[in-house]
Amino acid sequence: MNAQEPEIRDLESRLTDDHHQSLRLWLRMLSCSMMIEREIRSRLREQFSITLPRFDLMAQLERYPEGLRMGELSRRMMVTGGNVTGITDQLEAEGLVIREADHLDRRVYTVRLTEQGRQSFHRMAKVHEGWVKELMSGLPADEKDQMQNILTRLKNHLTDASRD
């Protein structure tokens with residue numbers, strides 16, 4: 001292993017030069033994403049005693065002060081309704097969110113942050129942003145811009161392909 005190439009013990013470790021460039025790229029992106037997520041999960045747990053899914057639910061609610069229906073939270077977080085219910089139960093028990101029945105349909109609940117939840121989330125979000133900046137600090141700004149542009153093109157391509 002040379003000094004420029006970090007030891008790889010992740011999804012890429014099973015690749016060889018014979019694998020297609022697209023497969024190598026996809027696994028590299030996935031590996032980087034997983035490494036960042038693992039570090040963020042660990043830091044959230046250590047510093048705030050919160051899980052990433054709970055942080056993510058609070059982030060969704062922070063964007064919608066009027067609250068979101070449970071089904072909408074499930075869709076936005078790409079998890080099952082049962083997962084959202086469990087996370088909401090925990091956050092509600094801590095006074096960070098409130099769940100309110102719809103006045104027209106009592107089977108439907110809207111969840112929103114409490115004032116305590118909003119303040120708690122803002123504290124965590126500020127620190128979280130610093131962590132992401134730190135973890136991405138290995139790349140200069142112009143390379144981050146290039147990556148952003150390239151990934152935007154890829155996302156657009158994938159979105160267009162899924163419509164066909």
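**Figure 1. Tryptophan 131, a buried ring in a predicted model.** Tryptophan 131 counts as buried, at 7% relative accessibility. The model shown here and in the views below is predicted. The ring of tryptophan 131 pairs with that of phenylalanine 48. Their centres lie 6.1 Å apart. Their planes meet at 50 degrees, so the pair is tilted. The cut-offs explain the label: planes under 30 degrees apart would count as stacked, and over 60 as edge-to-face. Tryptophan 131 belongs to helix α5 and phenylalanine 48 to helix α1 (residues 21-48). The pair therefore ties together parts that are 83 residues apart in sequence.

**Figure 2. Surroundings of phenylalanine 48 in helix α1.** Is this residue buried or partly exposed? Phenylalanine 48 counts as partly exposed, because its relative accessibility is 25% and buried means under 20%. Leaving aside residues up to four places away in sequence, phenylalanine 48 touches Arg43, Arg123, Met124, Val127 and Trp131. Serine 120 is 72 residues from phenylalanine 48 along the sequence. In space, their C-alpha atoms are 9.5 Å apart.

**Figure 3. The aromatic pair of phenylalanine 55 and phenylalanine 121.** A search of the whole structure finds two aromatic pairs. One of them joins phenylalanine 48 and tryptophan 131, with ring centres 6.1 Å apart. Phenylalanine 55 and phenylalanine 121 form a pair with 5.2 Å from centre to centre. The angle between their planes is 35 degrees, and the pair is tilted. Which helices does it link? Phenylalanine 55 sits in helix α2 (residues 52-63), and phenylalanine 121 in helix α5. The two residues are 66 residues apart, so the pair links distant parts of the chain. Phenylalanine 55 is buried, with a relative accessible area of 5%. Phenylalanine 121 is buried too, at 6% relative accessibility.

**Figure 4. Alanine 125 in helix α5.** Helix α5 spans residues 115-135 and includes alanine 125. Alanine 125 has a relative accessible area of 22% and is partly exposed. The cut-off for buried is under 20%, so alanine 125 falls outside that class. Alanine 59 lies 66 residues away along the chain. The C-alpha atoms of alanine 125 and alanine 59 are separated by 8.2 Å.

**Figure 5. The crossing of helices α3 and α4.** Helix α3 covers residues 70-77, and helix α4 covers residues 81-93. Their axes come within 9 Å and cross at roughly 110 degrees. That makes α3 roughly perpendicular to α4. Which residues meet here? From α3 come Met70, Leu73, Ser74 and Met77. From α4 come Gly81, Val84, Thr85, Ile87 and Thr88. By class, this contact has five nonpolar, four polar and no charged residues.

**Figure 6. The whole chain, for orientation.** The protein chain holds six helices and three strands. Along the sequence they follow the pattern α-α-β-α-α-β-β-α-α. The chain has 164 residues, and 26% of them count as buried. Among contacts with a separation of 6 or more, 46% are between residues 24 or more positions apart. The chain exposes about 11,900 Å². Carbon and sulfur atoms supply 51% of that area.

Definitions and conventions. Residues are numbered from 1 along each chain as its sequence is written. This is a predicted model: local features need pLDDT of at least 70, side-chain atom pairs count only at pLDDT 80 or more; totals for chains, interfaces and linings use all residues. Side-chain values use heavy atoms; hydrogens and water are left out. Helices (H or I, at least four residues) and strands (E, at least two) are DSSP runs, numbered from the N terminus. Buried means under 20% relative accessible area, exposed over 50%, partly exposed in between (1.4 Å probe, protein chains only). Contact means heavy atoms within 4.5 Å. Accessible areas come from the Shrake-Rupley method with a 1.4 Å probe; for residues, only the protein chains shown count as cover. Axes are lines fitted to C-alpha atoms, for helices over the stretch in contact, and angles run from 0 to 180 degrees between N-to-C directions. Angles under 35 degrees count as roughly parallel, over 145 as roughly antiparallel, 65 to 115 as roughly perpendicular and the rest as oblique. Ala, Val, Leu, Ile, Met, Phe, Trp, Tyr, Cys and Pro count as nonpolar, Asp, Glu, Lys and Arg as charged, and the others, Gly among them, as polar. Rings of Phe, Tyr and Trp (its six-membered ring) pair if their centres lie within 6.5 Å; planes under 30 degrees apart count as stacked, over 60 as edge-to-face and the rest as tilted.
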